[in-house]
Amino acid sequence: MELQLDQVTKQYGEKLAVDRLDMSLEPGVYGLLGANGAGKTTLMRLICDILNPTSGVISYCHQDIHQMGEQYRNILGYLPQKFGYYPEFTALRFLLYMSALKGLDRTAAAERSIELLKLTGLLQEKDKKIKTFSGGMQRRLGIAQAMLNDPYILVLDEPTSGLDPKERVRFRNLISSFSKDKIVLLSTHIVADVEYIADKIFIMKEGRFIKTGTLEEIISETEGIVWECEVSPVMAASMEEKYTIVNVKRKGDKTILRIVSEERPSKDAVKTEATLEDIYLHYFSREGEEPYGTAVSF
Ligand SMILES: Nc1ncnc2c1ncn2[C@@H]1O[C@H](COP(=O)(O)OP(=O)(O)O)[C@@H](O)[C@H]1O
Ligand SMILES: [Mg+2]
């Protein structure tokens with residue numbers, strides 16, 4: 001029961017959005033981590049057979065997903081990044097409507113909808129119009145609709161975007177509880193989302209995976225990029241211009257800087273273990289300063 005990507009590429013005109021990616025997914029939670037424009041949504045739309053690869057093949061149990069057609073869609077659940085929520089529908093009516101679109105049997109659909117409203121903590125809200133829902137409630141309803149057909153492959157594009165920290169925790173727990181015996185692929189630009197729930201992390205940049213592995217693997221193979229040094233406030237200011245500073249702490253009249261850098265930033269800097277956030281900032285820190293879409297190479 002394996003989903004396999006073999007040298008999958010997607011080009012929009014000149015723009016290479018997904019670049020010769022290989023992936024092999026068995027049941028588990030997979031986190032796709034990357035900045036805006038990295039290619040996450042494109043990759044997910046390819047996996048959902050909404051886009052066709054420019055080259056390469058995506059297969060499920062050794063069958064090309066595009067050839068499988070409806071048979072593949074029946075085992076797939078998808079929460080798009082941008083999702084129209086039918087503001088005038090109630091939560092329950094929306095799920096029944098989506099069930100009909102997915103061709104589910106009416107009685108089964110009603111039962112399943114109630115079950116999912118319960119699981120997503122929305123049962124009390126089932127008769128309220130979606131336009132009255134908070135962002136978090138809408139996202140929960142989004143995951144509920146993706147689960148209607150009890151999919152074996154669940155694809156969630158930025159499921160936690162726009163959620164406050166408390167809702168984010170709740171959402172992570174929800175995804176974990178759904179993920180048993182399923183392939184769950186979620187994208188995010190928030191490090192903590194994948195840090196806590198992903199069995200395997202793919203850090204994506206410019207259409208490529210620049211790091212792949214479990215959290216522990218990625219951390220243990222990233223050596224010598226994080227430093228701590230104790231400097232005067234004046235020195236701290238000048239180092240901030242030169243380096244990516246991920247944390248600043250005061251200690252008496254000194255400043256302790258946590259710096260991400262491939263070279264030792266100062267003579268007395270001490271090497272420390274990287275966190276996933278350090279690694280992410282190492283690869284993406286300069287991107288925030290660039291206009292959207294023009295990623296810097298590293
Ligand atoms: N329909 C499209 N036509 C042209 N370029 C696109 C299209 N969709 C996305 N892109 C470009 O492809 C790259 C990857 O986009 P996307 O997959 O949306 O990344 P992410 O989801 O990681 O933000 C970006 O540079 C984006 O501007
Ligand atoms: Mg996206």
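Four strands make up an open sheet in this predicted model, lined up in the order β2-β1-β4-β5 with antiparallel pairing. At the edges sit β2 and β5 (63–64), each of which pairs on one side only. Strand β1 (residues 3–12) runs antiparallel to β2, and seven bridges join the two. If you want a landmark in that pairing, look for V8, which stands opposite L21 in β2.

Strand β2 also turns up at the ligand site. Together with α1 (40–47), β2 (15–25) is an element that supplies at least two residues of the shell around ligand 1. Helix α1 gives the largest share of that shell, three residues. The full set of surrounding residues is Y12, K15, A17, A35, N36, G37, A38, G39, K40, T41 and T42. By character, the shell splits into four nonpolar, five polar and two charged residues.

So much for who is there; here are some polar contacts to oxygen atoms of ligand 1.

| Residue | Atom on the protein side | Distance to an oxygen atom of ligand 1 |
|---|---|---|
| G37 | backbone N or O | 2.7 Å |
| A38 | polar backbone atom | 3.2 Å |
| K40 | polar side-chain atom | 2.8 Å |

How much of ligand 1 does the protein bury? Taken alone, ligand 1 exposes 560 Å², and 68% of that is buried by the protein.

Now for the metal. Which residues coordinate the magnesium ion (ligand 2)? T41 does so through OG1 and Q81 through OE1, at 2.0 to 2.2 Å. This pair ties together distant parts of the chain: T41 belongs to helix α1, while Q81 lies in the loop between β6 (76–79) and α4 (91–101), and the two are 40 residues apart. T41 is worth a second look, as this residue is also listed in the shell around ligand 1.

Are these two metal-binding residues buried or exposed? Neither label fits, because buried means under 20% relative accessible area and exposed means over 50%. T41 comes out at 25% relative accessibility, so T41 counts as partly exposed. Q81 has a relative accessible area of 30% and is therefore partly exposed too.

To pull the ligand picture together: α1 contributes three residues to the shell around ligand 1, and T41 in that helix also coordinates the magnesium ion through OG1.

Definitions and conventions: Residues numbered from 1 in each chain as written. Chains lettered and ligands numbered in written order. Predicted model: local features only at pLDDT ≥ 70, side-chain atom pairs only at ≥ 80, totals over all residues. Heavy atoms only, no water. Near = heavy atom within 4 Å. Polar contact = N/O pair within 3.5 Å; in protein donor to acceptor, adjacent residues only side chain to side chain. Areas by Shrake-Rupley, 256 points an atom, 1.4 Å probe, with all protein chains shown as cover. Nonpolar A, V, L, I, M, F, W, Y, C, P; charged D, E, K, R; others polar. Donors = N, O, S within 2.8 Å, 3.2 Å for Na, K, Ca; no water. Buried < 20%, exposed > 50% of the residue type's maximum accessible area, 1.4 Å probe, protein only. Pairing = 2+ DSSP bridges.
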